[in-house]
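Grab a pencil and work through these exercises with the structure open beside you. Try each task before you read its solution.

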Amino acid sequence: MTESTKVDGRLVALHWPREAVEATMAVDTTKLQEATAEIEDGSGVTHRLEVLAGWDADYLVGKDVVASTTTEGVVLSEKA
């Protein structure tokens, strides 16, 4: 049995691993990249999660997001 994850709140920070930060265009930008997200929920608790996010997900910092378990892993997306 796998553990299901769902956290929603405001994205405080998104940390990319060094390899992703130093990536060139040789990296496939259509694939989700691994990152560490810090999400503050409605009660003020900050959750630090390993997530998969689009290479351009930095624009989500400060916005309402949701991190939820999918078949690919825990995916970060903008809250609708």
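**Exercise 1. Find how Arg48 and Glu38 meet, and say whether each is buried or exposed.**

Step 1. Look at the side chains in this predicted model: Arg48 and Glu38 form a salt bridge, with 2.7 Å from N to O.

Step 2. Now place the two partners. Arg48 sits in strand S3 and Glu38 in strand S2, ten residues apart, and the pair links distant parts of the chain.

Step 3. Check the accessibility of Arg48. Its relative accessibility is 57%, and the cut-off for exposed is over 50%, so Arg48 counts as exposed.

Step 4. Do the same for Glu38. Its relative accessible area is 18%, and buried means under 20%, so Glu38 is buried.

**Exercise 2. Work out which parts of the chain the salt bridge between Asp8 and Lys79 ties together.**

Step 1. Start with the distance: the closest N and O atoms of Asp8 and Lys79 are 3.0 Å apart.

Step 2. Locate the ends. Asp8 belongs to strand S1, while Lys79 is in the segment after S5, so this salt bridge ties together parts that are 71 residues apart in sequence.

Step 3. Add the accessibility. Asp8 is partly exposed at 32%, and Lys79 is partly exposed too, with a relative accessible area of 42%.

Step 4. Put this pair in context: the structure has four salt bridges.

**Exercise 3. Describe the salt bridge between Glu78 and Lys63.**

Step 1. Read off the gap: 4.0 Å separates the closest N and O atoms of Glu78 and Lys63.

Step 2. Find the partners. Glu78 is in strand S5 and Lys63 is in the loop between S3 and S4, so the pair ties together parts 15 residues apart in sequence.

Step 3. Check the accessibility: Glu78 is partly exposed at 40%, and Lys63 is partly exposed at 35%.

**Exercise 4. Which residues of the largest nonpolar core touch the most other members, and which strands supply the core?**

Step 1. The core has 16 residues, and those touching the most other members are Leu11, Leu14, Ile39, Val51, Ala67 and Leu76.

Step 2. Next, trace the strands. S1 (6–15), S2 (33–40), S3 (46–53), S4 (64–69) and S5 (74–78) each give the core at least two residues.

Step 3. Zoom in on Leu76. Beyond its neighbours within four places in sequence, Leu76 contacts several residues, including Leu11, Ile39, Val51, Leu60 and Ala67.

**Exercise 5. Are Leu52 and Val12 buried or partly exposed, and what is each in contact with?**

Step 1. Take Leu52, in strand S3. With a relative accessible area of 16%, which is under 20%, Leu52 is buried.

Step 2. List its contacts, skipping neighbours within four places in sequence: among them are Leu32, Gln33, Glu34, Gly73 and Leu76. The C-alpha atoms of Leu52 and Gln33 are 5.3 Å apart, though the two residues are 19 apart in sequence.

Step 3. Turn to Val12, in strand S1. Val12 has a relative accessible area of 32%, so it is partly exposed.

Step 4. Apply the same skip to Val12: its contacts are Glu38, Glu40 and Val61. Val12 and Val61 are 49 residues apart along the chain, yet their C-alpha atoms are separated by 5.8 Å.

Terms used
Residues numbered from 1 in each chain as written. Predicted model: local features only at pLDDT ≥ 70, side-chain atom pairs only at ≥ 80, totals over all residues. Heavy atoms only, no water. Core = buried A, V, L, I, M, F, W, Y, C linked by side-chain atoms within 4.5 Å. Buried < 20%, exposed > 50% of the residue type's maximum accessible area, 1.4 Å probe, protein only. Helix = DSSP H or I, 4+ residues; strand = E, 2+ residues; numbered from the N terminus. Contact = heavy atoms within 4.5 Å. Salt bridge = Lys/Arg side-chain N within 4 Å of Asp/Glu carboxyl O.
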